[in-house]
Amino acid sequence: MRTAVAELADEDFERPSGCAGWLVRDLVCHLVIDAQDVLITLVTPATGEPTVDAVTYWKLVEPPTGEDPLDALVPRLAAAYGEPRWLTFHLDDVGSAAGRAAELADPAARVSTQGEVLTVGDYLSAYVVEWTLHHLDLIAHLPSAPGPPAEALAAARASLEKIAGSAFPASLSDTDALLVGTGRRAPTGQEEDALGHFAAKLPFILG
């Protein structure tokens, strides 16, 4: 994802992203905050028993209304960067640090975030879902930009199916299952037929 951002042209940052109401620059700013969250969490050890795992970490929430103070802050913060190259630099700097920290962390160690305790392995697995979805958001209106790797798409789909409590039809690709399953686009008529009664449960908004 850092590579995809690094390859964007300046004008791409002003295009809409797959996150309603956010430009690409706003989404990239959010990714910087996400990377900072990973760094903070990995150095916030916990001693209690895990309260959530990679699946139960996620809660199903109502679709965002744009009224959340943090959601409103992100576009202002993104605009404060001015030139896109500073956003790109900051994401690469903090994102690469988060990646190194993840590689060095003990998967069995316990950390605390958002009032919950979980293992490092489960925490990072949950972030695979987060960042795979946001990688799809990044390229939503940039068809020539590289997408998420196949293994990330497959892992994110498997996690979403566990959260949903049901598997998506095999006729849906991993990308389509993620986009339709999380409400990033409406299912086509053919997809809706394949989903059957499962379509009534969509979308699954994760928070």
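Here is a short chat about how some labels on this predicted model are earned.

Guide: A word on ground rules: residues are numbered from 1 along each chain as its sequence is written, and side-chain values use heavy atoms, with hydrogens and water left out. Since the model is predicted, local features need pLDDT of at least 70 and side-chain atom pairs count only at pLDDT 80 or more, while totals for chains, interfaces and linings use all residues.

Visitor: Why is Asp26 called buried or exposed?

Guide: Buried means under 20% relative accessible area, exposed over 50%, and partly exposed in between (1.4 Å probe, protein chains only). Asp26 comes out at 3%, so buried it is.

Visitor: And its partner Arg25, what is that one called?

Guide: Arg25 has 23% relative accessibility, so it counts as partly exposed. Glu14, at 44%, is partly exposed too.

Visitor: What makes Glu14 and Arg25 a salt bridge?

Guide: The rule is a side-chain nitrogen of Lys or Arg within 4 Å of a carboxyl oxygen of Asp or Glu. Glu14 and Arg25 meet at 3.6 Å, N to O. Glu14 sits in the loop between helix 1 (2-6) and helix 2, and Arg25 in helix 2, so the pair ties together parts eleven residues apart in sequence. Helices here are DSSP runs of H or I, at least four residues, and strands are runs of E, at least two, numbered from the N terminus.

Visitor: Why are Glu14, Arg25 and Asp26 called a network?

Guide: Arg25 also meets Asp26 in a salt bridge, at 3.7 Å, N to O. That leaves Glu14, Arg25 and Asp26 linked in a network of salt bridges.

Visitor: How do you know that Arg157 and Asp174 form a salt bridge?

Guide: Their closest N and O atoms are 3.0 Å apart. Arg157 lies in helix 6 and Asp174 in helix 7, so this pair joins parts 17 residues apart in sequence. Arg157 is buried, at 10%, whereas Asp174 is partly exposed, at 26%.

Visitor: What makes strand 1 and strand 2 a pair?

Guide: Pairing takes at least two bridges found by DSSP between the strands. Strand 1 and strand 2 (residues 116-119) have four, in the antiparallel sense. Ser112 stands opposite Val117 in strand 2, and the two strands form a hairpin with two residues between them.

Visitor: Which residues of strand 1 are on the covered face?

Guide: Val111 and Thr113, with Arg110 and Ser112 on the uncovered one. In the turn, Gln114 has a positive phi of about 50°.
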